[in-house]
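Reader: I have just opened this one and do not know my way around yet. Could you walk me through it?

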Amino acid sequence: MATHHHAGTARHGDAGAAATARLLRETALEVSRSAREIRGVAARAGAVLGSPRFARSALRHPLTGVAAQWSLVRALTSGAGLGFALGAGDGVLRRMGQAGEVCGRESLANRVAVTSLRLRAAAVLAEHPELGRDPGMRRLMDAVTGDRDVEALRALRAMLKDKGAERAMSTVAPLFAELSAIRALLDENPLNDEVGWQIATGEALHADPWFGISARHLAAFDVGEGAAVPVEPAGDERWPIAGEGSLMDFLRNIDFLGTDGRILIQDVRGPDGVVRHVLQAPGMAPGKPRNDSPQDFVGAWSNLFDPESPYTRGILLAIDEYGLPAGADLALVGHSEGGIALMNLAQNSAFCRRFRVTHVVAVGSPIDNKKPADARTWVASVTNQHDLVPTLDGRGAGSGSVFTPHPDWYEVDYVDSSHEFPLCHSLGKYLGNLEDDLADARRDIDEALAPYRGPVVRSQVYQLKDRANPPQGYPLMTVPVTPVATSVGPVEVPVRYYDSSAVVAVFAVEADRAAGLLSETSWMSPSRVGRRVLVALSAYEHRCVSLGPYNELSLAVLVNDLWRPRAHDVLRELLRRADTRRTGRQVTAVAVTTSEAEAAVREVWGQPAARASVDVRLAANRLHAVLAPESGPDGVPGGPLLALTGDLGPYTPAPHLDSVLYGRTADATLRSMVHCEGRQRFHAAPRVRLRCAPGAAAAEEPLVRQVRALGLDGARPLCVLSAPEYRARRGAGAPLPR
C-alpha cells in the first residue's frame with residue numbers, strides 16, 4: 001500500500017507554525033464546503049425562478065405567485081441574501097447575472113469561496129514566513145485580495161523590476177493557485193469565474209481541463225500527431241546511460257537526455273531474475289515553441305489537458321517499435337512535462353490492459369488532476385513548493401493542502417534553500433535535493449522500486465517529434481529516379497528543385513523577329529496574341545537541387561501545337577494538364593553557372609546552354625538578375641552583359657501552372673515537362689526593365705544577341721510571374737518524330 005509522505009524536514013518554521021497552517025487549512029476546507037452549499041442553493045432557487053411552470057403558476061395565482069417570485073428575486077439579488085446570484089441559474093437569468101458582475105455585483109457563494117482562498121493563503125504564509133516579510137509580495141497580495149487590479153499590476157511589475165522575472169515567479173509560486181483564483185472571483189469578468197471556483201472548491205483537481213481550455217482551444221495549435229525514431233550514438237561516442245536500475249540512475253538518465261525530444265526505454269533484470277521495463281521521459285524545453293518536438297511550451301499545455309497529446313502518442317509509437325511484450329511490468333519515470341505524458345499513459349485503461357503499469361514517479365509535474373486506470377499502480381510525486389509548474393493542476397503548494405485528491409499516493413512536497421524559478425524546476429536541482437536533503441524520501445521511493453533494481457540488459461533511446469516527417473519534397477519529389485549519363489557524369493532524372501526562386505518575364509515582340517529566331521532551332525511556329533508573339537525571359541536561383549545549386553537565365557518563345565497549329569493555342573492550352581498540353585516554350589538560349597547544369601541542359605533537354613556568371617536575387621518584391629561573362633582576364637567575372645532589374649510592382653496570387661519546354665538536338669526535338677508547386681505572384685504592371693550592355697563583347701553572348709534580335713533591349717515586360725519559394729521536378733526530354 002502506498003503511503004502519503006509529507007517532507008517537512010526542509011520546511012521553514014517551527015511546530016507551532018505547522019499546527020497553525022493545519023488549522024487554517026481545515027477551516028478553509030469547511031468554508032469551501034459552505035461555499036459549495038450556498039452555490040447549490042442559489043442554483044436551485046434560480047432554477048425555480050426561471051421555470052416556466054412556476055411562471056404559469058404565478059399567473060394563475062397572482063397574489064401568492066407574485067409574492068413568491070419577488071421573494072426569490074430578493075434572495076438572489078440582495079446583499080442580505082445570496083448576493084447577486086442570478087448567474088447560478090440558466091438562460092436569461094445567467095446572462096443577467098453576468099451583466100451584474102460586470103457592473104461590480106458579487107454573489108455570496110463567491111465571497112465565501114474567496115474567504116476560503118484567503119485562509120489557504122494564510123496557511124501558506126504560516127509555513128513560509130519569508131513571503132510575508134517580502135514587501136513586494138505583501139503589496140501584491142493586498143492588491144489582489146482587495147480587488148484592486150491596477151494596483152496588483154503595478155505590484156507585479158515592481159516585483160519583476162526589483163527581483164527579475166525568475167525570482168519573481170518563484171516568489172509567487174507557493175501562492176500562485178490561490179492568488180489566481182481570488183483574482184478570477186473578484187474581477188468584473190464573469191467568464192473566468194469557473195476557473196477560480198474550481199480552484200477554490202477543489203473541482204480543478206477532478207476537472208479535465210480546469211483552465212477553461214478545451215479540445216477546441218488546443219486545436220488552434222498545430223501540435224501534430226506525434227512520431228518516434230530510434231537513435232544511436234554517433235561514431236565512437238558513448239552515452240552516459242546507467243547500467244543499473246535505481247531511482248537516481250533513472251533520473252540521471254533523464255537529465256542526460258535533456259529536452260530535445262528524446263526518451264529512453266530500458267530492460268532491467270530484477271532481484272528475482274525477472275526482466276522488467278522502465279520508460280524515462282524528460283520535461284519541457286525552455287524558450288520558444290519548436291515545430292519539431294513535443295517537448296515545448298505548446299506541447300506541455302497540450303499534454304496537461306489532452307490525454308492523447310503528441311508527446312503521449314510519440315511514446316506509444318516508441319513502445320511499439322521497441323517491442324514490449326503484452327502483459328509486461330512497466331515503470332514510468334518522468335520529469336515535468338514527461339511526468340504528465342506518462343500519467344496520461346497510466347490513466348489510459350486500454351494501455352493498462354496491454355501492460356501492467358506498476359509504478360509512476362513524477363518529479364516537478366502537475367499531475368494531481370489525473371488518476372491511474374489501474375488501482376494497483378503505485379504513484380510518487382516529488383515537487384518543490386517554489387516550482388511554479390506543479391501548481392498548474394490547480395492544487396497549489398503543500399502536500400498538506402486543503403484538498404488531498406490522492407491520499408494513497410506517496411507525495412514529497414518540500415522547500416529548499418533556492419527559490420529561483422526556473423532553477424528550482426530543473427531536474428539537476430531536484431537530483432541535488434533528493435541526494436542531499438530528501439534522503440528518507442529517496443530511500444522510500446527506491447524501496448518501492450525494488451523490483452526494478454538490478455543490471456540493465458537493454459537500452460534504447462528514441463527521438464520524439466510533433467509529427468512524422470515525410471521525405472524531403474513530399475509528395476512532388478517522391479518519384480522514381482533514373483541516372484542518365486552525361487559528359488560530366490550521371491544525372492538523376494527527373495531533376496528535383498527543392499528550394500528555388502523563379503521569375504518569368506513575358507514580353508511581346510514582332511512576329512517576324514520571333515520566326516527568324518526559331519528558324520535556326522526548330523520547325524515549330526510561334527504562338528501569336530494578336531499580331532505579336534510572346535517570349536519569356538526566365539531567371540532562377542536554384543539553392544537546393546539534385547544537380548547541385550546553380551543559377552540560370554533562359555530565353556524561350558511560346559510555340560503552337562506542333563502538328564495542328566491554331567490561333568491563340570497557347571492561351572487555350574493553359575487549361576490543360578502539362579502531360580496533355582500540345583503547346584509550350586521553345587528554349588533558344590540558356591546561361592547557367594555550373595558544368596553539371598550545362599551538361600544536363602544540353603544533353604538531357606537538348607537546349608543550347610553556355611557557362612556564365614548569373615546573379616539572381618528576388619527579395620522584398622525586387623528583382624536583380626544580371627548576366628556577366630564567367631571570368632575576365634584577371635580571373636574574376638567581367639562587367640554585366642544583360643540585366644533585368646527593378647521593382648516588380650503590385651501583385652495578385654495566381655495558380656502555379658506546370659510547363660512544357662522544347663529543345664532541339666541534331667536528330668530530334670525533345671519535349672520535357674516541369675511539374676511545380678509553391679506560391680506564385682502575378683504582376684500586371686511590373687516596373688523592371690531589360691537592358692543589354694553595348695559593344696561587340698556583349699554581342700558574342702548568345703542570350704544577349706537574341707534579346708537584341710528580338711528588339712527587347714530597354715523594354716519593359718507585359719507582365720511578370722514570380723515565385724520566392726519555387727519547387728519543381730523536370731523529367732528528361734522525350735524525342736518527337738520530327
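Author: What follows is a walk through a predicted model, taken one region at a time.

Reader: Let's start with sheets. What is the strand order in the open sheet of eight strands?

Author: The order is 1-8-2-3-4-5-6-7, and the pairing in this open sheet of eight strands is mixed. Strand 1 (227-231) and strand 7 stand at the edges with a single partner strand each, so one side of each has no neighbour in the sheet. On average, neighbouring strands of this sheet are turned by 20° against each other, direction ignored.

Reader: And which helix packs on that sheet?

Author: Helix 13 does, touching strand 2 (262-269), strand 3, strand 4, strand 5 and strand 8, and its direction makes about 155° with that of strand 2.

Reader: How many bridges join strand 3 to strand 4?

Author: Five bridges join strand 3 (residues 275-281) to strand 4 (residues 329-335), and the two strands run parallel. As one position to look at, alanine 281 stands opposite glycine 334 in strand 4.

Reader: Back to helix 13, then. How does it pack with helix 18?

Author: Helix 13 and helix 18 pack at an angle of about 160°, and their axes are 10 Å apart. Angles over 145 degrees count as roughly antiparallel, and helix 13 and helix 18 are therefore roughly antiparallel to each other. The crossing of these two helices, helix 13 and helix 18, is left-handed.

Reader: Which residues meet there, between helix 13 and helix 18?

Author: From helix 13 there are Met248, Leu251, Arg252, Ile254 and Asp255, and they meet Leu427, Gly428, Leu431, Leu434 and Glu435 in helix 18.

Reader: Now helix 19. Which of its residues are buried?

Author: In helix 19 (residues 439-448), the buried residues are Ala441, Arg442, Ile445, Asp446 and Ala448. They cover an arc of only 160° around the axis, which puts them on the same side of helix 19.

Reader: What do those buried residues of helix 19 pack against?

Author: They pack against helix 13 (247-257) and helix 18 (427-436), and also against strand 5 (356-363), strand 6 (378-384) and strand 7 (410-414).

Reader: And where does alanine 450 lie?

Author: Alanine 450 lies in the loop between helix 19 and strand 8 (456-465). With a relative accessibility of 32%, alanine 450 counts as partly exposed. Its C-alpha atom is separated by 9.6 Å from that of leucine 247, although the two residues are 203 residues apart along the chain.

Reader: Changing topic: which residues does a cis peptide bond join?

Author: One such bond joins tyrosine 474 and proline 475, with omega about 0°, and proline 475 is found in the loop between strand 8 and strand 9 (482-484). A cis peptide bond also joins valine 493 and proline 494, again with omega about 0°. Proline 494 has its place in the loop between strand 10 (491-493) and strand 11 (495-510).

Reader: What about the loop between strand 17 and strand 18, which residue lies there?

Author: Asparagine 621 lies in that loop, and alanine 620 has its place there too, between strand 17 (613-619) and strand 18 (622-628). Phi of alanine 620 is near 50°, a positive value in a residue other than glycine, while asparagine 621 has a positive phi of about 65° although it is not a glycine.

Reader: Is asparagine 621 buried or exposed?

Author: At 17% relative accessibility, asparagine 621 counts as buried, whereas alanine 620, at 77%, counts as exposed.

Reader: Those strands must sit somewhere. What is the order in the open sheet of four strands?

Author: The order is 17-18-19-24, with antiparallel pairing. Strand 17 and strand 24 (689-692) are the edge strands, each pairing on one side only, and the twist averages 10° from one strand to the next. Strand 19 (residues 642-647) pairs with strand 24 over four bridges in the antiparallel sense, and alanine 643 has arginine 691 in strand 24 as its bridge partner. Helix 24 (residues 702-709) packs on the sheet, touching strand 18, strand 19 and strand 24, and its direction makes about 115° with that of strand 24.

Reader: One last thing: at what angle do helix 2 and helix 3 pack?

Author: Helix 2 (residues 52-60) and helix 3 (residues 62-77) pack at an angle of about 135°, with their axes 6 Å apart, and helix 2 and helix 3 are therefore oblique to each other. Among the residues that meet are Phe54 and Leu59 in helix 2, and Val66 and Leu72 in helix 3.

Notes:
Residues are numbered from 1 along each chain as its sequence is written. This is a predicted model: local features need pLDDT of at least 70, side-chain atom pairs count only at pLDDT 80 or more; totals for chains, interfaces and linings use all residues. Side-chain values use heavy atoms; hydrogens and water are left out. Buried means under 20% relative accessible area, exposed over 50%, partly exposed in between (1.4 Å probe, protein chains only). The arc is that of the directions from the helix axis to the C-beta atoms. Contact means heavy atoms within 4.5 Å. Two strands pair if DSSP finds at least two bridges between them. Axes are lines fitted to C-alpha atoms, for helices over the stretch in contact, and angles run from 0 to 180 degrees between N-to-C directions. Angles under 35 degrees count as roughly parallel, over 145 as roughly antiparallel, 65 to 115 as roughly perpendicular and the rest as oblique. A crossing is left-handed if the near helix is turned anticlockwise from the far one by less than a right angle, and right-handed if clockwise.
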